[in-house]
Amino acid sequence: MIGLSTTAFKGDDIEGWLEDVEKLGFDYIEWVCEWPRFLDQNLFEKLKELMSSFNLPLTLHAPFSDLNVASFNEIIRKASMGAVEKALHRAVDLGAVAVTIHPGHCSPVSRKYPKEYLRIHRSSLEKIARTAEELGVNVGVENMPRFPILDAQTPERLKNIIDGIPIGVTFDVAHLNTTGADFEGFITNFKDRVIVLHLHDNHRSEDEHLALGEGNIPWEVLLPKLPKVPATIEVKNLRDAEKSIALLKSLHW
């Protein structure tokens with residue numbers, strides 16, 4: 001299945017956007033629970049009603065801005081966990097195929113006390129994994145792009161964070177392109193744990209979210225090696241979405 005993220009949704013006409021998504025030939029949508037599309041009660045009810053009229057399953061991307069499940073500050077950590085857990089419950093109510101979450105991120109204190117930071121980080125992910133199991137939701141921790149405070153930027157670091165925790169992985173191919181492009185290493189480490197792919201493009205220097213083919217990711221070589229799981233195109237608009245799905249079809253993927 002190939003899906004389209006709401007990163008390509010502009011404006012307020014959800015129904016019109018869903019119609020466009022279907023016309024372009026996508027199989028599902030990814031709803032990103034970020035401003036201005038947090039799933040508050042009104043938007044949640046509207047989305048649930050609309051989705052019943054479309055033959056489009058969905059995945060959810062839990063909120064991440066201003067949150068940190070690995071924070072040393074208990075107030076911030078509890079609020080962050082609450083936001084993620086709310087997204088898991090929304091996923092159940094919407095029948096979501098999977099939920100993507102971001103790992104925690106670094107701060108001055110986590111740099112100073114890396115062992116305690118890792119303990120807190122893993123403890124939070126273990127709680128999320130237990131909640132997901134109780135709810136029957138598939139959850140994937142996403143690898144992060146190159147950016148100073150972000151964690152889980154390499155296969156080795158992501159493995160260090162989630163090793164032994166019964167939780168899946170969301171493999172963002174373009175994020176990895178900005179942090180060394182160790183595609184083989186990522187696939188080797190997580191092939192059986194990947195539940196969702198995120199596909200977009202860049203030139204390695206930053207997380208540009210370009211249409212597939214507009215950066216330097218070697219799609220023709222890489223696509224056959226990727227796990228056969230739902231693949232979400234995360235681009236900025238429908239024009240780039242159309243370009244991206246056309247490239248995938250041209251490569252018979």
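Biologist: Let's start with the hollow part. What volume does the largest pocket have?

Modeller: Keep in mind that this is a predicted model, and every value here is computed from it. The largest pocket is lined by 39 residues. As for its volume, the figure is about 860 Å³.

Biologist: Which residues of the lining lie nearest the centre of that pocket?

Modeller: The lining is a mix: 18 of its residues are nonpolar, eleven are polar and ten are charged. Those that lie nearest the centre are Glu34, Phe64, Ser65, His102 and Asp207.

Biologist: Okay, and the overall fold? How many strands form the closed barrel?

Modeller: The barrel runs in order from β1 through to β8, with parallel pairing. On average, neighbouring strands of this sheet are turned by 30° against each other, ignoring direction. Counting along the barrel, the number of strands is eight.

Biologist: Which strands does α8 touch where it packs on the sheet?

Modeller: Helix α8 covers residues 183–190, and its direction makes about 165° with that of β6. The strands it touches are β6 (168–172) and β7 (194–199).

Biologist: A barrel has to close somewhere. In β8, which residue is the bridge partner of isoleucine 2?

Modeller: Strand β1 (residues 2–5) runs parallel to β8 (residues 231–233), and three bridges join them. On its other pairing, β1 is joined to β2 (residues 28–32), also parallel and also by three bridges, with glycine 3 partnered by tyrosine 28 there. Back on the β8 side, the partner of isoleucine 2 is alanine 231.

Biologist: Which residues of β1 point the other way from Ile2 and Leu4?

Modeller: In a regular strand, side chains alternate between the two faces of the sheet. In β1, Ile2 and Leu4 point one way, and the residues on both sides are buried. Pointing the other way are Gly3 and Ser5.

Biologist: Moving along to β3: are its faces covered or open, and which residues sit opposite Leu58 and Leu60?

Modeller: Both faces are covered, with the listed residues on each side buried. Leu58 and Leu60 take one side, and on the other are Thr59 and His61.

Biologist: What is the bridge partner of histidine 61 in β4?

Modeller: β3 has a neighbour on each side to sort out. With β2, it pairs in the parallel sense over four bridges, and tryptophan 31 is matched there with leucine 60. With β4 (residues 99–101), the pairing is parallel over two bridges, and histidine 61 is partnered by threonine 100.

Biologist: Now a helix. What covers the buried residues of α1?

Modeller: Helix α1 (residues 14–23) has Ile14, Gly16, Trp17, Leu18 and Val21 as its buried residues. Just after this helix, glycine 25 takes a positive phi of about 95°. What covers the buried residues includes β1, β2, α2 (41–51) and α10 (238–250).

Biologist: Why does histidine 175 count as buried?

Modeller: Histidine 175 sits in helix α7 (residues 173–177). Leaving out residues up to four places away in sequence, it touches Glu142, Asn143, Met144, Pro145, His200, Asp207 and His209. Buried means under 20% relative accessible area, and histidine 175 counts as buried because its value is 4%.

Biologist: Is glutamate 184 buried or partly exposed, and at what relative accessibility?

Modeller: Glutamate 184 belongs to helix α8. The partly exposed class lies between 20% and 50%. Glutamate 184 is therefore partly exposed, at 46%.

Biologist: Any odd backbone spots? Which residue does a cis peptide bond join to tryptophan 35?

Modeller: Most peptide bonds are trans. Here omega is about 5°, which goes with the cis bond. The partner lies in the loop between β2 and α2, and that residue is proline 36.

Biologist: Where is alanine 181, with its positive phi?

Modeller: Most residues other than glycine have a negative phi. Phi of alanine 181 is near 55°, and this residue is buried at 15% relative accessible area. Its place is the loop between α7 and α8.

Biologist: And what is phi of histidine 209?

Modeller: Histidine 209 lies in the loop between β7 and α9 (219–222). At 16% relative accessibility, histidine 209 counts as buried. Its phi is positive in a residue other than glycine, near 55°.

Terms used
Residues are numbered from 1 along each chain as its sequence is written. This is a predicted model: local features need pLDDT of at least 70, side-chain atom pairs count only at pLDDT 80 or more; totals for chains, interfaces and linings use all residues. Side-chain values use heavy atoms; hydrogens and water are left out. Two strands pair if DSSP finds at least two bridges between them. Axes are lines fitted to C-alpha atoms, for helices over the stretch in contact, and angles run from 0 to 180 degrees between N-to-C directions. Contact means heavy atoms within 4.5 Å. On a 1 Å grid over the protein atoms alone, a cavity is a set of points where a 1.4 Å probe fits but cannot get out, and a pocket is an open set with protein on both sides within 12 Å along at least five of seven lines; lining residues have an atom within 4 Å of a point. Grid points are joined across faces, edges and corners, and a volume is the space filled by probe spheres set on the points. Ala, Val, Leu, Ile, Met, Phe, Trp, Tyr, Cys and Pro count as nonpolar, Asp, Glu, Lys and Arg as charged, and the others, Gly among them, as polar. Buried means under 20% relative accessible area, exposed over 50%, partly exposed in between (1.4 Å probe, protein chains only).
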